[in-house]
Amino acid sequence: MSLARAIETGDLAQLPSRRDEDWRWTDLRGLLRVLPPPSPPHVGWAAPGPFAGLAGREVKIVNGRGPGGITVPAGERHTVALRFIAAPDAGAHAARLAIEIEDGAELVLLESYEGVGEGYVAQVDLRIRLGAGARLERIVMTRDSPDSVSVSKTEATLGPAAALAQTVLAAGARRQRTETRVSHPGAGGASVRLDGLYVLDGKRHADITTVVTHDGVDGATDQLTKGVARDQARGVFQGRIVVSPGADRTDARMGHHALLLSDRAEVDAKPELEIYADDVVCAHGNTVGALDEEGLFYAKQRGIPDAEARAMLTEAFLGEVVDRIGHEGAREVARTWVAKQLGAAS
Amino acid sequence: MAAVTQTIEHVAELERYKHGFVSDIAQDFAPKGLSEATVRFISAKKGEPAWMLDWRLEAYRRWLALEEPAWARVHFPRIDYQDSYYYAAPSEKAGPKSLDEVDPELLAVYAKLGIPLKEQAVLAGVEGAPKYAVDAVFDSVSVVTTFKAELAKAGVIFCSMSEAIRDHGDLVRQYLGSVVPVSDNYFACLNSAVFSDGSFVYIPPGVRCPMELSTYFRINAAQSGQFERTLIIADQGSYVSYLEGCTAPMRDENQLHAAVVELVVLEDAEIKYSTVQNWYPGDAEGRGGIYNFVTKRADCRGDRAKVSWTQVETGSAITWKYPSCILRGAGSSGEFYSIAITNNRQQADTGTKMIHLGPNTRSRIISKGISAGHSSNTYRGLVSAHPKARGARNFTQCDSLLIGKQCAAHTTPYIEARNASAKFEHEATTTRLSDDQLFYAMQRGLSQEEAVQLLVNGFVKDVLQKLPMEFAVEAQKLVAISLEGSVG
């Protein structure tokens, strides 16, 4: 049951609904009464993406069509811009891509979802395999159209001592979901960082879902997601950390913090721990609220106007996640993105 | 140190489950199985008015259309609802008029359980101990309710549900099913059709109930289920503290206990509801034990109403229970303090729901889960704020402690915030007993078992402090007993 299957078969009964526990806050069956026609092939898309100039190579998937995989050979270091584009004529499409990072290789993946068309329905399935000692830093930026439905689902498998660092920057859509499932071997100091940011306005919806399964000893996972919801927007965070039997000395931390800036906005969160081993340190924290009044008061009594003080505090709140991005160029793009999103929303 | 030593001695004296005896008491049963006839039988047996029978039959019809829920993180073979007795009652000749007429066998059971059914009985060895009124429910019926006369002087109604339906029909009709609707969920619906007894409490406006009220539930008959229904109404400005305890014999079969508890709290009223749940948990291999599938909910209808749920869950093979608060009145508040302990093959999926509907409503959740042996312990909770719940505030702390390699602890909180002035904070941790702390306690001369108990008692202290004093003592001992044999 998935959006991709519904697109491929045309069968709306394949859509996940609120009755599916993992989709309770991102109901697609209740939303989509009809699917748009299949997206036609689209050639010659030339506009630059959000990470233009930062990558050595660009891979474009337009209307669900493009290369089927990216491979980074053992020991090599690559920076790739991976662009999923819904062209102006996009309808419904699903794409699959396999990313192979061989032993000891390094990849900086600058991934973008660029919606130009209107009312499209799209799903991307990514399969990422990291070899022994391989490293991946993945920065995902979504720029979907406000009336689109866009789902991105990633399954990542880590080899021994591999490292995955990810930051999702979500601007939402009519329904948007970025789902990441990580199989974490623990062994040999493999590490995972899964971060997320969402800045939503209008009637946009963004869902950041993660599942990290620790299968071996000594694994570490660090997660931080922050978000801002205004107007009638809705932010969803679902994070699950599973520690399998025997995965001792796992150290897993998860945080989700959201600012609700309007009485009609909504934030839903489900930070889950599922633990089958005893020698573990796992914790999660979750907060939802408005801007800190004391912080605002302090800024204002230092002579900063109300609107500016609010923008400053909000930017600082989100900045913590941006600062954790390792790739310098991408970090600056993310910082600009946050400022622009907040500006657009105010 | 004396307290610890005393606890250890106390534990050593006890069997693993001291309430596991069966009492040979003449009993009446409903025919085995569940059908419309069973529902009619129960209703007739209790001499209920027609409206009550109709209510039950409606519930039964709705139940037939419902599906058994499967979302909880618990696993058990399918329940055969036809292979159980839905009504079992001690035979009585002509309704005892006073305690002296109650079957002495039955009184012996309660004496053995340490439940004071004699009104003068007070806690042994404590000068001026507070009095307790007790409603004793044996299988499907309430056998005796104490202190009724004294309570009546204050205007408090405390009686069995059957009596309430008979004598206070209007109150029951007004409130029954108003907090937990008939078809709220599968087990609540089943309960609505076949509930047999339970307690009814009404506290009139402005009255502070002069003593603690308590109900003691006992399952005795084999192959029977217990379906009790409790309804407590705290009228404007009143206060009541209510305690609930329960035990069952040791058997190889699983028995179903599907209760519904409804609390109605009006303006400025307060209900404090405490549970020490000690149903038979099954043996070390997971044979037998009670399935405890319970729906408990409080509705804060008036402004500044307050509800406090405190639970110590140590028994039952499977627990499936979420005492909840609907915070409707402005400034109303809900609290949930829970200790859930699972050992051997026990499974617990428990937590709470705090539903903020009114402005300036507040809630607090403190949950301590301990899993040992091969058990599984899940905290599942919902905190939600409606757009109108301006200024809603929640603080949630849920900690899990793991003892042993084969057990599991899960945390599944749901947070739904729908207005900008709501402030929700949630934190959760999962750890095992700290080696450093154990080492420290042991190098001060404690045995490993003593050290573990000391640390566990420290871990659950925040919740134990919320229990009424007598319960706290019993609960502390229960914690020790439940974890016995889990170390080493």
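Welcome to the tour. Aromatic rings are the opening topic: across all chains, 21 aromatic pairs are counted. Keep in mind as you look around that this is a predicted model.

**Stop 1: a ring pair in chain B**

Select Trp55(B) and Phe195(B). Their rings form an edge-to-face pair, with 6.4 Å from centre to centre and 80 degrees between the planes. This pair ties together distant parts of the chain, 140 residues apart: Trp55(B) sits in helix H3 (residues 50-65) of chain B, while Phe195(B) belongs to the loop between helix H8 (186-194) and strand E6 (199-203). Are these two residues buried or exposed? Trp55(B) has a relative accessibility of 18%, so it counts as buried, the limit being under 20%. Phe195(B) is buried as well, with a relative accessible area of 1%.

**Stop 2: further along the helix**

Now add Trp63(B) and Tyr81(B), another edge-to-face pair, 5.4 Å centre to centre and with 75 degrees between the planes. Here too, distant parts of the chain are linked: Trp63(B) is in helix H3 of chain B and Tyr81(B) is in the loop between H3 and strand E2 (88-90), 18 residues apart. Both Trp63(B) and Tyr81(B) are buried.

Which residues share a cluster with these two rings? Select Tyr60(B), Trp71(B), Phe76(B), Tyr186(B), Phe187(B), Tyr291(B), Phe293(B), Trp320(B) and Tyr322(B), and you will have the cluster that ring pairs build together with Trp63(B) and Tyr81(B).

**Stop 3: the partner of H3(B)**

Show H3(B) and H8(B) together. The two helices pack at an angle of about 145 degrees, their axes 7 Å apart, and their crossing is left-handed. To see where they meet, select Trp55(B), Arg56(B), Ala59(B), Tyr60(B), Arg62(B) and Trp63(B) on the H3(B) side. Facing them from H8(B) are Tyr186(B), Cys189(B), Leu190(B), Ser192(B), Ala193(B) and Val194(B). You have met some of these names already: Tyr60(B), Trp63(B) and Tyr186(B) are among the members of the ring cluster.

**Stop 4: another helix pair**

Move along chain B to helix H9 (residues 435-443) and helix H10 (residues 448-464). Their axes come within 9 Å and cross at roughly 125 degrees, which means that H9(B) is oblique to H10(B). The crossing is right-handed. At the meeting place, Gln437(B), Leu438(B), Ala441(B) and Met442(B) come from H9(B), and Gln448(B), Ala451(B), Val452(B) and Leu455(B) from H10(B).

**Stop 5: a charge over a ring, in each chain**

In chain A, select Arg177(A) and Trp23(A): the arginine lies over the face of the tryptophan, 3.7 Å from the ring centre. For an example in chain B, choose Arg208(B), which lies over the face of Tyr239(B) at 4.0 Å from the ring centre.

**Stop 6: a buried alanine in chain A**

Select Ala309(A), which is part of helix H3 (residues 306-322) of chain A. It is buried, because its relative accessibility is 0%. What does Ala309(A) touch, leaving aside neighbours within four places in sequence? Its contacts are Leu296(A), Ala299(A), Lys300(A) and Ile304(A). For a sense of scale, draw a distance from Ala309(A) to Leu82(A): the two are 36 Å apart, C-alpha to C-alpha, and 227 residues apart in sequence.

**Stop 7: two backbone surprises**

Most residues other than glycine have a negative phi. Arg249(A) has a positive one, near 55 degrees. You will find Arg249(A) in the loop between strand E14 (234-243) and strand E15 (250-260) of chain A; with a relative accessible area of 47%, it is partly exposed. In chain B, look at Asn344(B), with a positive phi of about 50 degrees. Asn344(B) lies in the loop between strand E17 (333-342) and strand E18 (347-350), and is partly exposed at 23% relative accessible area.

**Stop 8: a strand, then the whole chain**

Select Thr396(B) in strand E22 (residues 393-403) of chain B. Thr396(B) counts as buried, at 2% relative accessibility. Not counting residues up to four places away in sequence, Thr396(B) touches Ile365(B), Tyr379(B), Val383(B), Glu425(B), His426(B) and Glu427(B).

Finally, zoom out to chain B. How many helices and strands does chain B have? There are eleven helices and 24 strands. Of its 488 residues, 63% count as buried. Among contacts in chain B between residues at least 6 apart in sequence, 84% join residues at least 24 apart.

Terms used:
Residues numbered from 1 in each chain as written. Chains lettered and ligands numbered in written order. Predicted model: local features only at pLDDT ≥ 70, side-chain atom pairs only at ≥ 80, totals over all residues. Heavy atoms only, no water. Phe/Tyr/Trp six-rings, centres within 6.5 Å; stacked < 30°, edge-to-face > 60°. Helix = DSSP H or I, 4+ residues; strand = E, 2+ residues; numbered from the N terminus. Buried < 20%, exposed > 50% of the residue type's maximum accessible area, 1.4 Å probe, protein only. Lys NZ or Arg CZ within 6 Å of the ring centre and 35° of its normal. Axes fitted to C-alpha atoms, helices over the stretch in contact; angles between N-to-C directions. Parallel < 35°, antiparallel > 145°, perpendicular 65-115°, else oblique. Left-handed = near helix turned anticlockwise from the far one by under 90°. Contact = heavy atoms within 4.5 Å.
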